[in-house]
Amino acid sequence: MAKFSTYKDFQKIIGTKWNISEEESKFFDWRNIAVRSLVPNAQFSENEGGINWNEDENGGAPCPSDSEINTEIIRLKALYTALKYARDRQDFYPSTEEQLDLLYHDMIADKGDKTGEWFKAVKKVKDDNAKP
């Protein structure tokens with residue numbers, strides 16, 4: 001089974017909800033996210049009785065067990081917490097337009113290396129919000 005393990009993996013499934021507070025993350029549908037982590041592109045629905053799963057619609061993949069889902073929820077919550085630095089960085093990076101403008105001016109000035117303004121701007125964000 002596939003499993004999410006990076007910032008980009010979370011973005012794919014959570015989308016715009018990625019950059020939210022720890023408090024707001026309590027409202028994630030962690031069970032749904034865990035199933036999609038275990039079986040990417042899974043087709044299923046949930047109700048009070050559990051998961052409605054059709055193996056034919058899911059390429060023959062069996063429905064993850066409650067134990068597998070609960071273990072994956074624990075792993076994903078820990079990963080989400082560990083990736084806080086990456087979420088924090090999002091608020092401080094210049095916009096895409098600003099970054100492209102910085103890159104353009106760096107290229108014109110032959111500063112497409114560590115002396116350019118784009119590099120300095122991105123490095124500052126990374127330094128100020130370092131990986132733990």
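Modeller: Before we start, contact here means heavy atoms within 4.5 Å. And keep in mind that this is a predicted model.

Biologist: Got it. Leaving aside neighbours within four places in sequence, which residues is Cys63 in contact with?

Modeller: Ile51 and Trp53, once those sequence neighbours are set aside.

Biologist: And where is Cys63 found?

Modeller: In the loop that runs between strand S2 (50-53) and helix H4 (66-82).

Biologist: Is Cys63 buried or exposed?

Modeller: In between: Cys63 has a relative accessible area of 30%, so it counts as partly exposed.

Biologist: How far apart are Cys63 and Val35 in space?

Modeller: 8.4 Å, C-alpha to C-alpha, with their positions 28 residues apart in sequence.

Biologist: Switching to charges. How many salt bridges does the structure hold?

Modeller: There are 7 salt bridges. The general idea is that side chains of opposite charge can pair when their charged atoms come close.

Biologist: Ok, what does Arg31 form a salt bridge with?

Modeller: Arg31 pairs with Asp66, and the closest N and O atoms are 3.0 Å apart. Arg31 lies in helix H3 (residues 30-38) and Asp66 in helix H4, so this pair ties together parts that are 35 residues apart in sequence.

Biologist: Are those two buried or exposed?

Modeller: Both come out as partly exposed: Arg31 has 23% relative accessibility, and Asp66 has a relative accessible area of 47%.

Biologist: What about Glu72, what does it form a salt bridge with?

Modeller: With Arg75, where the closest N and O atoms are 2.8 Å apart. Glu72 and Arg75 are 3 residues apart in helix H4, so about one helical turn separates them.

Biologist: Is Glu72 buried or exposed?

Modeller: Buried, because its relative accessible area is 2% and the cut-off for buried is under 20%. Its partner Arg75 is partly exposed, at 27% relative accessibility.

Biologist: And in helix H5, which residues are about one turn apart?

Modeller: Lys84 and Asp88 are; they sit 4 residues apart in helix H5 (residues 84-90). They form a salt bridge too, with the closest N and O atoms 2.8 Å apart. Lys84 is partly exposed, with a relative accessible area of 38%, and Asp88 is partly exposed at 26% relative accessibility.

Biologist: Last one: which residues do salt bridges with shared partners join into one network?

Modeller: Arg31, Glu46 and Asp66 are joined that way.

Note on methods: Residues are numbered from 1 along each chain as its sequence is written. This is a predicted model: local features need pLDDT of at least 70, side-chain atom pairs count only at pLDDT 80 or more; totals for chains, interfaces and linings use all residues. Side-chain values use heavy atoms; hydrogens and water are left out. Helices (H or I, at least four residues) and strands (E, at least two) are DSSP runs, numbered from the N terminus. Buried means under 20% relative accessible area, exposed over 50%, partly exposed in between (1.4 Å probe, protein chains only). A salt bridge is a side-chain nitrogen of Lys or Arg within 4 Å of a carboxyl oxygen of Asp or Glu.
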